[in-house]
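Let's take a walk through a protein together. Have a look at the sequence and the 3D view below, and keep them handy while you read.

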Amino acid sequence: MSDDDDSDDINIDNTQFSMEEIPMNQIFQKAVVLQRSGDRQGALREYNHFLKVAETHQVDRALYAEVYANMAAIYAMQGKGVDGNSADDAKEMRDKAKEAFQQALQYRPSLGSAWVNLALLQLADGKELGA
């Protein structure tokens, strides 16, 4: 890209991105890195930031599915009590996980991992309730 190019687009590896998409991608990637490194609160903060920014821009709604699925995975982990949560807090986290998986499916009904994880959460809750 030359200095005299007035375009608002960037070409990376033969893929055209608008200048607005780059920061969105960076927010998402930062959240993923935080999640993978075990910083669940930091990841949730970045995923929520992504959603706020996405609402003010024309972002493909299919991208929301990935964000909600990743948030749901974090809530599900917290629902297992890995963060030292009480039983009530763990149930609240599992409920948040179910809601987030449902939101992911709203944006991308073909997201198989969300269906599977939602079913596993429902089965786990059924066992706890004696069903």
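Which residues form a nonpolar patch on the surface? They are V116, L120 and L123, and together they have about 300 Å² of accessible area. V116 sits in helix α5, which covers residues 112-128. With a relative accessible area of 49%, V116 counts as partly exposed, because the label "exposed" is kept for values over 50%. Keep in mind as you look around that this is a predicted model.

Now zoom out a bit. The protein has five helices and two strands. Start at the N terminus and the elements come in the order β-β-α-α-α-α-α. How much of the protein counts as buried? The answer is 35% of its 131 residues.

Let's pick out two of the helices. Helix α2 runs over residues 40-55, so 16 residues in total, and its first and last C-alpha atoms are 23 Å apart. That is close to the 22 Å you'd expect at 1.5 Å a residue. Quite a list of α2 residues is buried, including L44, Y47, F50, L51 and V53. R40 and E46 are on that buried list too.

Helix α4 spans residues 87-107. Its 21 residues should span 30 Å at 1.5 Å a residue, and the end C-alpha atoms are 31 Å apart, which agrees. Among the buried residues of α4 are A90, M93, A97, A100, F101, A104 and L105. R94 and K98 also belong to that buried set, and you'll meet both of them again.

Next, find a hollow. Where does the lining of the second largest pocket come from? Helices α3 (62-79), α4 and α5 each supply at least two residues. The residues lining this pocket include A73, M77, K80, R94, F101, N117 and L121. L120 is part of the lining as well, and you already know L120 from the nonpolar patch. The space in this pocket comes to about 210 Å³.

Time for some charges. Side chains of opposite charge can pair when their charged atoms come close. How many salt bridges does a search of the whole structure find? It finds four.

One of them brings together the side chains of R108 and E66, at 2.8 Å from N to O. R108 lies in the loop between α4 and α5, while E66 is in helix α3, so this pair ties together parts that are 42 residues apart in sequence. Both partners are partly exposed: R108 has a relative accessibility of 23%, and E66 has a relative accessible area of 27%.

Now go back to α4, where you can follow a little chain of contacts. D95 and K91 meet in a salt bridge at 3.3 Å, N to O. These two are four residues apart in the helix, so about one helical turn separates them. D95 also meets K98 in a salt bridge, this time at 3.7 Å, N to O. K98 and D95 are three residues apart in α4, again about one turn of the helix. Put the pairs together and you get a network of salt bridges linking K91, D95 and K98.

Are the members of that network buried or partly exposed? K91 is partly exposed at 37% relative accessible area, and D95 is partly exposed at 27%. K98, at 16%, counts as buried, because the cut-off for buried is under 20%.

Methods:
Residues are numbered from 1 along each chain as its sequence is written. This is a predicted model: local features need pLDDT of at least 70, side-chain atom pairs count only at pLDDT 80 or more; totals for chains, interfaces and linings use all residues. Side-chain values use heavy atoms; hydrogens and water are left out. The expected span of a helix is 1.5 Å times one less than its number of residues. Buried means under 20% relative accessible area, exposed over 50%, partly exposed in between (1.4 Å probe, protein chains only). Patches are made of residues with over 30% relative accessible area and no salt bridge: like charges are joined within 9 Å, nonpolar side chains (Val, Leu, Ile, Met, Phe, Trp, Tyr) within 5 Å. Accessible areas come from the Shrake-Rupley method with a 1.4 Å probe; for residues, only the protein chains shown count as cover. On a 1 Å grid over the protein atoms alone, a cavity is a set of points where a 1.4 Å probe fits but cannot get out, and a pocket is an open set with protein on both sides within 12 Å along at least five of seven lines; lining residues have an atom within 4 Å of a point. Grid points are joined across faces, edges and corners, and a volume is the space filled by probe spheres set on the points.
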